[in-house]
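Me: I am new to this structure and would like a close look at how its charged side chains pair up. Please start with one group of them, then follow the links to the parts around it.

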Amino acid sequence: MIKPRTPPGVMELLPPDQIAFQRMLDTIRRNFERFGFLPVETPVMELSEVLLTKSGGETERQVYFVQSTGALEKQGDGMPELALRFDLTVPLARYVAEHEHELAFPFRRYQMQRVYRGERAQRGRFREFYQCDIDVIGKDALSVRFDAELPAVIHAVFSELDIGAFTIQLNNRKLMRGFFEAQGVADGELQALVLREVDKLDKRGEDYVRETLTGEGFNLPAEGVEKILDFVKVRSTSHADAIAKLDALGEGSDALREGVAELREVLELVRALGVPETHYALNFSIARGLDYYTGTVYETTLNDYPQIGSICSGGRYENLASHYTKSKLPGVGISIGLTRLFWQLREAGLLGSASGSTVQAMVALMDGDSLPDALDIARRLRAAGINTEMQMEARKIGKQFQYASRAGIRFVVLTGEDERARGVVAVKDLLREEQFEVAREELASTLRVELEQAQALAGR
């Protein structure tokens, strides 16, 4: 007999936790749609030549290829035709390039699907996980004003998720490149490498970054490295402080001036969009590790749980689909890695107890003769919008109460000969541990009021 077990690197939940996860997905989707983003789904499989636009590197070593058993028998030395997507950005690039002439630009899409990476098995790292992305894609050009809209979306999502105080940290890679040029780091490839190391400041510490930049492979002068470290340690404490810190950078190179101007406009619009200044700040160390970011970059962190790291990140890129079309398609986007976030929140005890059910009421079955009547009650409750389970076999009522309690069902509806004769039903409220009678015709409206009151008290 084969031992049942899940493969490493996947998150498989019991129903109460799955309900909590699903509610987070619903909250994210609802807020994405409130801001006018349209749903898109792409296949879990992409053609390998489309997905792997560059050969070699870390990404290709983490890709899962898809091969049928029939194709395995005929397999040669070439690459398999299909591979599982490792993010939602490459499929978006292919999607926009393929449907370019059918889409209205700027194209605003959200996508919430699983992606796959061959991560090394360890706690908190997943091989299958949900990403929840939004992007705005322009045709030829895209105003920096869209960069300001995304922090408003982030604020709406995490305010409703109610997982604790958070800060949206903003920076601009043009600003960083301009400052690096002034320190003698002018080569584009070297700048990209320095940006990647600077992005590790909050995770690895100042000493690590200093040793890396002055050490073998970089060999930057110590004086220049200290100026870079002083620069990337800049954080703002309020909106006015953020503007003052941008003003203090002075004129500088074209790249610096452009980055400062873009970041100032983004900050002013973020405030105009209603994001409280306690929820956003400048952080000059934020660079994002991906080289395709060219302007505004974001990272969102929980104030009381910095060890969790970024819970939502993204930024501006100049050309989304350069591998698939000659059209210039600039964009800006963010991504929430929901599987890892959910796992971390649960580990940190921020999700509360895993309880509850999507089933709101259960109709008990007193005896075999009561089945038609019990089925009619269940049908009426469902027609009134109440999620109702029906006990299809009669058993001791204590066992039925025990089942409902364990399954997280609040209301158990009972009807026997006496209740039917009086035109009432008995309702056991397992949450309040009390039982009451209600007229049969008023059952659905009574339960609906009770459920709405519970939702209001829960703040949903």
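Reply: The model is a predicted one. Start with Glu206, Asp207, Arg210, Glu226, Asp230 and Lys233, which salt bridges link into a network. One contact in it can be described in detail: the side chains of glutamate 206 and arginine 210 form a salt bridge whose closest N and O atoms are 2.7 Å apart. Both residues belong to helix α10, which covers residues 206-214. They are 4 residues apart, about one turn of the helix. Glutamate 206 has a relative accessibility of 26%, so it counts as partly exposed. Arginine 210 is also classed as partly exposed, because its value is 22%; the cut-off for buried is under 20%.

Side chains of opposite charge can pair when their charged atoms come close. Over the whole structure, the search finds 37 salt bridges. Two others join separate elements and are worth following.

One of these is between arginine 30 and glutamate 160, with an N to O distance of 2.4 Å. Arginine 30 is in helix α1 and glutamate 160 is in helix α6 (residues 145-161), so this salt bridge ties together parts that are 130 residues apart in sequence. Arginine 30 counts as partly exposed because its relative accessibility is 34%. Glutamate 160 counts as partly exposed as well, at 32%.

The other is between arginine 94 and glutamate 46, where N and O are 2.9 Å apart. Here arginine 94 lies in helix α5 (residues 89-98) and glutamate 46 in strand β2 (residues 45-47), so the contact connects parts 48 residues apart in sequence. Are these two residues buried or exposed? Both arginine 94 and glutamate 46 are buried. In the helix α10 pair, by contrast, glutamate 206 is partly exposed and arginine 210 is partly exposed.

Charged side chains also meet aromatic rings. The charged end of arginine 108 is placed over the ring of phenylalanine 37, at 4.4 Å from the ring centre. Lysine 428 lies over the face of phenylalanine 401, and the distance to that ring centre is 5.9 Å.

Rings also pair with one another: there are 8 aromatic pairs in the whole structure. In one of them, the ring centres of phenylalanine 21 and phenylalanine 342 are 5.3 Å apart, and the planes meet at 85 degrees, so the pair is edge-to-face. This pair links distant parts of the chain, since phenylalanine 21 is in helix α1 (residues 15-34) and phenylalanine 342 is in helix α14 (residues 338-347), 321 residues apart. Phenylalanine 21 is buried because its relative accessibility is 3%, and phenylalanine 342 is buried at 0%. Together with Tyr130, Phe21 and Phe342 make up one aromatic cluster.

Helix α1, which holds arginine 30, also supplies a ring to another pair. The centres of the rings of phenylalanine 32 and tyrosine 110 are 5.9 Å apart, with an angle of 50 degrees between the planes, so the pair is tilted. Phenylalanine 32 is in helix α1 and tyrosine 110 is in strand β5 (residues 107-116), so the contact bridges 78 residues of sequence. Phenylalanine 32 is buried with a relative accessible area of 0%, while tyrosine 110 is buried at 5%.

Strand β5 leads on to the sheet. That sheet is open, has 8 strands with mixed pairing, and runs in the order β1-β5-β6-β11-β10-β9-β7-β8. Its edge strands are β1 (38-39) and β8 (280-282), each of which pairs on one side only. Strand β7 (residues 166-172) pairs with β8 in the parallel sense, over 3 bridges. Glutamine 169 is found opposite alanine 281 of β8.

Last come the cysteines. A disulfide is a covalent bond between the sulfur atoms of two cysteines. How many disulfides does a search of the whole structure find? The count is 0. Cysteine 132 is in no disulfide, and the nearest cysteine sulfur to it belongs to cysteine 312, 9.5 Å away; the cut-off for a disulfide is 2.5 Å. Cysteine 132 is buried, with a relative accessible area of 0%. Cysteine 312 is likewise in no disulfide, and it counts as buried because its relative accessibility is 1%.

Conventions. Residues are numbered from 1 along each chain as its sequence is written. This is a predicted model: local features need pLDDT of at least 70, side-chain atom pairs count only at pLDDT 80 or more; totals for chains, interfaces and linings use all residues. Side-chain values use heavy atoms; hydrogens and water are left out. Rings of Phe, Tyr and Trp (its six-membered ring) pair if their centres lie within 6.5 Å; planes under 30 degrees apart count as stacked, over 60 as edge-to-face and the rest as tilted. Helices (H or I, at least four residues) and strands (E, at least two) are DSSP runs, numbered from the N terminus. Buried means under 20% relative accessible area, exposed over 50%, partly exposed in between (1.4 Å probe, protein chains only). A charge sits over a ring if NZ of Lys or CZ of Arg is within 6 Å of the ring centre and within 35 degrees of the ring normal. A salt bridge is a side-chain nitrogen of Lys or Arg within 4 Å of a carboxyl oxygen of Asp or Glu. Two strands pair if DSSP finds at least two bridges between them.
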